Amino acid sequence: MLKVTCAIIEHENRVLVTQRGEAMPDPLLWEFPGGKMEPGETEEECLAREIKEELNITIQPLQRLTPVLHRTQTKTIELIPYICTLRRGDIKLLEHRDYKWSLATDLHRYNWCLPDLPVVEEYLRLREYT
Ligand SMILES: Nc1nc2c([nH]c(=O)n2[C@@H]2O[C@H](COP(=O)(O)OP(=O)(O)OP(=O)(O)O)[C@@H](O)[C@H]2O)c(=O)[nH]1
């Protein structure tokens, strides 16, 4: 099974959402940034590495949410979400096509990667927006 971490990065009452590029799998869909775990890495280490590689920012993981299992015809991924805070850095888009600092109340408007939908729902419930 492919383990993928993703970061719900909170900053000044908003949440970071990123749009996948045209050449990536699931092109143009929105996601929480992150990526595949490498051997020997903890979830938190994976998050920090991926977010630095993709966006040039430093984050602090705060709270693990419920992992989501998603099966396609060819693979199963486990998407492991963490609420994080932004520690430092200015966003540079190194892999994604676009990003937004979204209000929580606008999160349902994005065209999300399928496995992210339960993550969005759990986040909104946790922050008492639903
Ligand atoms: N990063 C990320 N990947 C997600 C999310 N939701 C989701 O289904 N995925 C899927 O999980 C996989 C992660 O791939 P990725 O391309 O982001 O990971 P990576 O940076 O390690 O990839 P690479 O270094 O092999 O290019 C993709 O199949 C992607 O579609 C999400 O919220 N964030």
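Strands are DSSP runs of at least two residues, numbered from the N terminus. In this predicted model, strand β4 is the element that gives the most to the shell around the ligand, with three residues. β4 covers residues 34-36, and two other strands, β1 (2-11) and β7 (76-88), also supply at least two residues each to this shell. The ligand is surrounded by 16 residues, and the closest are E31, G34, G35, K36 and P115. Sorted by class, the shell holds nine nonpolar residues, five charged residues and two polar ones.

The largest nonpolar core has 26 residues. Within this core, the residues that touch the most other members are A7, I8, I9, L47, I51, I59 and C84. Two or more core residues come from each of β1, β2 (14-19), α1 (43-55), β7 and α2 (117-126). Strands β1 and β7 are thus named both for the core and for the shell around the ligand.

L47, listed among the core residues that touch the most other members, has contacts with T5, A7, G34, I59, P61, Y82 and C84 when its neighbours within four places in sequence are left aside. One of these contacts, G34, is also listed among the residues closest to the ligand.

Helix α1 also contains E50. E50 counts as buried because 23 C-beta neighbours lie inside 10 Å, where the cut-off for a buried residue is 20 or more. Not counting residues up to four places away in sequence, E50 touches T5, P33, G34 and G35. Of these partners, G34 and G35 are listed among the residues closest to the ligand. T5 and G34 are contacts of L47 and of E50. Between E50 and E121 the C-alpha to C-alpha distance is 23 Å, with a separation of 71 residues in sequence.

Strand β6 (residues 68-71) runs antiparallel to β7, and four bridges join the two strands. The connection from β6 to β7 is a hairpin through four residues. Across this pair, H70 stands opposite I77 of β7.

In the UniProt record, an unreviewed entry, residues 1-128 are listed as "domain: Nudix hydrolase". Over this span, 39% of the residues are strand and 18% are helix, and the end C-alpha atoms lie 32 Å apart.

Conventions:
Residues numbered from 1 in each chain as written. Predicted model: local features only at pLDDT ≥ 70, side-chain atom pairs only at ≥ 80, totals over all residues. Near = placed C-beta within 6 Å. Nonpolar A, V, L, I, M, F, W, Y, C, P; charged D, E, K, R; others polar. Core = buried A, V, L, I, M, F, W, Y, C linked by C-beta atoms within 7 Å. Buried ≥ 20, exposed ≤ 12 C-beta atoms within 10 Å, placed from the backbone. Contact = placed C-beta atoms within 7 Å. UniProt positions renumbered as here; feature names shortened; annotations may be inferred. Pairing = 2+ DSSP bridges.
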